[in-house]
Amino acid sequence: LHLSIRRQRQMCIRDSQKSDIEKQKNHLEETHKEITDSINYAKNIQDALMTSKSYMKEIMPENFVFYLPKDVVSGDYYWAYKNSKDDVFFCVADCTGHGVPGAFMSMIGTSLLNENIIENKLENPAEILGNMRTKIIESLNDGATKTNNKDGMDMSLCKINFKKKTLEFAGANNPLIHISNDKLENIKGNSQPVGLSVIDNKPFTNHQIKLKKGDMIYIYSDGYQDQFGGPKGKKYMVKKLRTFLKEISKLTIEEQSVKIQEEFHGWKGNLEQVDDICVMGLRV
């Protein structure tokens, strides 16, 4: 009798535990679905804030963008706008972190570009980066002057006039590559972010470049060059990226777009993508 009662108790306990596990499993599945749905909705918002491909084609007829988030949403973003003077502003930015935190920062960056360039009609890329930095520091650091964090974004911001064949560029940690007559020039940005930094803030440098018809311009985040892969599982590296861009620079924009994606996926192989990817190229 005692054995029978004990078995019944054990069965009741097992059934109760099974029921609890089932409830926990269902709760986790519901929570996971809610989070996934929220992130997917956030992706829709982020995509809507990105400059549309049709508008970019209109203002920069020969351009490509290789944009590949590591997660559903991205800390990298691109943006472009043409003002009434036929000046075209375009940028690639890489925000601190990736995924949801990076996506929030990317939305701040897009908003500040709209504010400075479209609303306030600023035209100097270096001044625009400086204004964006001030606003980000005010927003995230509540007036403190120094921090050990690096919250903000690295960015390449350009202003091009296709009629005048002129380009202005300012960079925050990120460079610009200019290829003309089969010669590659790597123009470095300032070694500071648009945002909080451990170093004293200095004014950004405004570079002025004279262009020729057929020249290629490339700006990018560091995700491509930092990808591990190849036969030895090593980083792609910036030197290899520059060499590759020079090799493909004479191809059509459509061919370059295909090649740069094939190169990345071929290098990465079966390894995990380490960061968000954004590479923009345009022909003068």
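Two strands pair if DSSP finds at least two bridges between them. Strands here are DSSP runs of E with at least two residues, helices are runs of H or I with at least four, and both are numbered from the N terminus. Keep these two rules at hand for the tour.

This is a predicted model: local features need pLDDT of at least 70, side-chain atom pairs count only at pLDDT 80 or more, and totals for chains, interfaces and linings use all residues. Residues are numbered from 1 along each chain as its sequence is written, and side-chain values use heavy atoms, with hydrogens and water left out.

**Stop 1: a hairpin**

Select β6 and β7. They run antiparallel, joined by five bridges. Now pick Ile179. Which residue in β7 is its bridge partner? The partner is Leu184. The two strands form a hairpin with two residues between them. Click on Asn181 in the turn: its phi is positive, about 50°.

**Stop 2: the sheet around it**

Strands of a sheet pair through backbone hydrogen bonds, either parallel or antiparallel. Widen the selection to five strands. Their order is β1-β13-β10-β6-β7, in an open sheet with antiparallel pairing. Which strands stand at the edges? They are β1 (63-68) and β7 (183-187). Each has a single partner strand, so one side of each is left without a neighbour in the sheet. Look along the sheet for its twist, which averages 15° from one strand to the next.

Next, select β6 (residues 176-180) with β10 (residues 216-220). Three bridges join this antiparallel pair. Find Ile177 and look across to β10: Tyr218 stands opposite.

Add helix α6 (residues 253-268). The helix lies across β1, β10 and β13 (277-283). It runs at about 25° to β1. For such angles, axes are lines fitted to C-alpha atoms, for helices over the stretch in contact, and values run from 0 to 180 degrees between N-to-C directions. Contact means heavy atoms within 4.5 Å.

**Stop 3: Ser221**

Go to the loop between β10 and β11 (228-229) and select Ser221. Is Ser221 buried or exposed? Ser221 counts as buried, at 1% relative accessibility. The cut-offs are these: buried is under 20% relative accessible area, exposed is over 50%, and partly exposed is in between (1.4 Å probe, protein chains only). Leaving out residues up to four places away in sequence, Ser221 touches several residues, including Asp94, Asn174 and Cys278.

**Stop 4: Asp154**

Select Asp154, in strand β4. Asp154 is also buried, at 10% relative accessibility. Beyond its neighbours within four places in sequence, its contacts include Val92, Asp94, Asn173 and Pro193. The side chains of Asp154 and Asn173 make a polar contact of 2.8 Å. A polar contact is a pair of N or O atoms within 3.5 Å; within protein, one must be able to donate a hydrogen and the other to accept it, and residues adjacent in sequence count only if both atoms are side-chain atoms.

Now add Glu262. The C-alpha atoms of Asp154 and Glu262 are 25 Å apart, with the two positions 108 residues apart in sequence numbering.

**Stop 5: salt bridges**

Side chains of opposite charge can pair when their charged atoms come close. A salt bridge is a side-chain nitrogen of Lys or Arg within 4 Å of a carboxyl oxygen of Asp or Glu. How many salt bridges does this rule give? The count is eight.

- Select Lys163 and Asp86: their closest N and O atoms are 2.9 Å apart. The pair links two loops, one between β4 (152-161) and β5 (166-172), the other between β2 (76-82) and β3 (88-95). Lys163 is exposed, at 66%, and Asp86 is partly exposed, at 25%.
- Add Lys82 to that pair: Lys82, Asp86 and Lys163 are linked in a network of salt bridges.
- Select Glu115 and Lys135: here the closest N and O atoms are 2.4 Å apart. Glu115 is in helix α3 (residues 99-119) and Lys135 in helix α4 (residues 125-141).
- Select Glu168 and Lys159: the distance is 3.4 Å. Both residues are buried.

**Stop 6: cysteines**

A disulfide is a pair of cysteine sulfur atoms within 2.5 Å. The whole structure has zero disulfides. Select Cys95: the nearest cysteine sulfur, in Cys91, is 9.4 Å away. Then select Cys278. Why is Cys278 not bonded to Cys91? Their sulfurs are 8.5 Å apart, too far for a bond. Cys95 is buried, at 3%, and Cys278 is buried, at 0%.
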